[in-house]
Amino acid sequence: MKDKLLWLWQAPQHLLGLALIAITKAKPRALDGTVYWHFERKGWFTKFISGGSFGAYILMPQRSDLKTEVPHEGGHSRQSARWGPLYLPVIGVYSAVFCNLWDRWFHKSWETYDRIYWYYMTRWTERQADRLGGVDRAKALRRIPRTEKARFPAVA
């Protein structure tokens, strides 16, 4: 009963997630006990999707750092359970527009370290998803080369 109520509480994002799974022809995979849906980056539609969390459905393209990104998206799934029907307008829109698209449009010339720092360390939705997913973003950032021209400080 509790699972059914939780599914209904998150129905808008679950329905969107199921639609995206069908559109992208994603296949289920598991990483450290977390099920996520893998899709290939083929065609115009999936070229622009960087992955996301839609309730219990985590969609991910092939990435080099799934050990960080799948738990991060799991953090977004926990946000979805907390926010319910407000998740998409509050977390989803903010994350998609003011984090993801903003970064793609305005930070193209930034180095990888700065883009990742800005995206995950300065945006509240992403910091919270990292915390809820158990991601140590500082540890992940330390693996990325940081030049003297970097905009953001080195993480401790």
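L101 is partly exposed in this predicted model, with a relative accessible area of 31%, and the residue lies in helix α5, which covers residues 87-106. Because a relative accessible area over 30% is required of patch residues, the 31% of L101 satisfies that cut-off. L101 is indeed part of a nonpolar patch on the surface, which is formed together with V93, V97, F98, W102, W105 and F106; the accessible area of these residues together is about 670 Å².

Turning from the surface to the interior, the largest nonpolar core is made up of twelve residues, among them C99, W110, Y113, W118, L141, I144, F152 and V155. Two elements, α6 (112-121) and α8 (137-142), give two or more residues to this core, and α6 gives the most, with five residues. When neighbours within four places in sequence are left aside, Y113 is in contact with L141, I144, P145, R146, F152, P153, A154 and V155. A second, separate core consists of eight residues, including L20, A26, I49 and Y57.

As to confidence, the chain has a mean pLDDT of 90, and 96% of its residues reach 70 or more. The two extremes among the helices of the chain are set out below.

| Helix | Residues | Mean pLDDT | Confidence in the chain |
|---|---|---|---|
| α3 | residues 43-47 | 65 | lowest |
| α7 | residues 124-133 | 96 | highest |

Where pLDDT is low, the predicted coordinates should not be read in detail. Helix α3, at a mean of 65, is where confidence is lowest in the chain.

How values were computed
Residues are numbered from 1 along each chain as its sequence is written. This is a predicted model: local features need pLDDT of at least 70, side-chain atom pairs count only at pLDDT 80 or more; totals for chains, interfaces and linings use all residues. Side-chain values use heavy atoms; hydrogens and water are left out. Patches are made of residues with over 30% relative accessible area and no salt bridge: like charges are joined within 9 Å, nonpolar side chains (Val, Leu, Ile, Met, Phe, Trp, Tyr) within 5 Å. Accessible areas come from the Shrake-Rupley method with a 1.4 Å probe; for residues, only the protein chains shown count as cover. A salt bridge is a side-chain nitrogen of Lys or Arg within 4 Å of a carboxyl oxygen of Asp or Glu. Helices (H or I, at least four residues) and strands (E, at least two) are DSSP runs, numbered from the N terminus. Buried means under 20% relative accessible area, exposed over 50%, partly exposed in between (1.4 Å probe, protein chains only). A nonpolar core is a set of buried Ala, Val, Leu, Ile, Met, Phe, Trp, Tyr and Cys residues joined through side-chain atoms within 4.5 Å. Contact means heavy atoms within 4.5 Å. pLDDT is the predictor's confidence in each residue, from 0 to 100.
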